[in-house]
Amino acid sequence: MTLTEEDVFDRLRNVEDPELGENIVSLEMVKNINVDDVEDVITVQLDLPNPAMEDDLRDAVVTALGDTEADIEVDWVTPDEDEGSEMLPNVDKVIAVSSGKGGVGKSTVAANLACALGREYSVGVLDADVYGPNLPRMFGEAEPPRVTKEEEIIPASKYGVRVMSMGYVAGDDSPVVWRGAMVHKALTQLLDDVRWGDLDYLVVDLPPGTGDAQLTIAQTVPVTGAVVVTTPQEVSVDDSRKGVKMFEKSDVDVAGIIENMAGFVCPDCGEVHDVFGEGGGEELAEESGVPLLGSVPLDPSVRTASDEGEPIVVGDESPARDALIETAEETREAVDDLAKKELPML
């Protein structure tokens, strides 16, 4: 049975992205279809998905086109490998902050790392979570981004940190259902069309998991070092382990592990309660061969400060504030060491 290009498109509307539950045609994942009647081959070109989904999507495409005698070939579109070499020319070092799962306080850690480093260095922070941006709330009433006559974006600014987020563009209540090229385009715009200026460090707050945003950053941005945030809980450590492996497969150096929500110090009795267990971050760091950059205690004031738009490191002294400032310094030193490794030998 010979299929036309239109037939192939119609059948691919029955193939769903397993993460988003939408068909791959509506999500604009289908980039090109070639029906070669002479060679009896149908080639379908798709945006590169999460590597964990690659085999399932290929099987689903073949199944959807299965009642044809033509050979079915599925190719993946990947970002230009040379794209990262020209991106962010005025940024000295890029720190990617990641987590294997949500709910571990990754964005809170990213915001506090940026503010702590911003006390002594020129720092920017990019909220790369296009699906659920949180940094606009965490930085409160920041000076909003604006667009120049040259159509460059001037990032928001607060606490001495330059801030950019899809939340400033899409609004707080606008859901974003993107995949593949759409994610890639949005992130490259936030990186390349923003006038970041000269920065010592750009902190990139990745969405949780190991999906398109992480792959786009790893493939297009000159990441100096990634840090993986986990809680001591074994479930969180298991997911964070996948994040470490994702960076390794993308040839991105992992600077270290940050353990968040460690022991809770009772304000009444002074005893430490390990609400989420203990030692998970240290265990992950040891088995991954990277340093434990810091262990941040579970402290309700961290959550309160973030909700009020004032990261705790810019507030009054507290055990969590001190731990985050120390963690930021350990992270800076680890990333600087990685940067030295990348310098060409004379």
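**A tour from a loop residue to the cores**

Begin by selecting Y159, which is partly exposed in this predicted model, with a relative accessible area of 26%. Y159 sits in the loop that runs between β8 (156-158) and β9 (161-165), and if you display its backbone torsions you will find phi near 55 degrees, a positive value in a residue that is not glycine.

Next, select D251, where a positive phi also occurs in a residue other than glycine, here at about 60 degrees. D251 belongs to the loop between α8 and β12 (254-262), and its relative accessibility is 71%; exposed means over 50%, so D251 counts as exposed.

From that loop, step back to helix α8 (residues 234-249) and select it together with helix α9 (residues 280-288): the two axes come within 10 Å and cross at roughly 30 degrees. Angles under 35 degrees count as roughly parallel, and α8 and α9 are therefore roughly parallel to each other. The crossing of this pair is right-handed. To see which residues make the contact, show V237, S240, R241 and V244 on the α8 side, and G280, E283, L284, E287 and S288 on the α9 side. Coloured by character, the residues of this contact fall into three nonpolar, three polar and three charged.

Now turn to the interior and select V97, V125, F139 and V161, which are the residues with the most contacts inside the largest nonpolar core, a set of 39 residues. Helix α3 (residues 106-117) supplies the largest share of this core, namely eight residues. A second core, separate from this one, has 35 residues, and L187, V221, V237 and V290 are among them; V237 is also one of the α8 residues that make the contact with α9.

Keep V125 selected and expand the selection to its surroundings: setting aside residues up to four places away in sequence, V125 touches A114, L135, F139, V161, R162, V163, M164, W196, L202 and V203.

The last stop is T108, which lies in helix α3. Is T108 buried or exposed? Its relative accessible area is 15%, and since buried means under 20%, T108 is buried. Show its contacts as well: apart from neighbours within four places in sequence, T108 is in contact with M138, V302 and S306.

Definitions and conventions: Residues are numbered from 1 along each chain as its sequence is written. This is a predicted model: local features need pLDDT of at least 70, side-chain atom pairs count only at pLDDT 80 or more; totals for chains, interfaces and linings use all residues. Side-chain values use heavy atoms; hydrogens and water are left out. A nonpolar core is a set of buried Ala, Val, Leu, Ile, Met, Phe, Trp, Tyr and Cys residues joined through side-chain atoms within 4.5 Å. Buried means under 20% relative accessible area, exposed over 50%, partly exposed in between (1.4 Å probe, protein chains only). Helices (H or I, at least four residues) and strands (E, at least two) are DSSP runs, numbered from the N terminus. Contact means heavy atoms within 4.5 Å. Axes are lines fitted to C-alpha atoms, for helices over the stretch in contact, and angles run from 0 to 180 degrees between N-to-C directions. Angles under 35 degrees count as roughly parallel, over 145 as roughly antiparallel, 65 to 115 as roughly perpendicular and the rest as oblique. A crossing is left-handed if the near helix is turned anticlockwise from the far one by less than a right angle, and right-handed if clockwise. Ala, Val, Leu, Ile, Met, Phe, Trp, Tyr, Cys and Pro count as nonpolar, Asp, Glu, Lys and Arg as charged, and the others, Gly among them, as polar.
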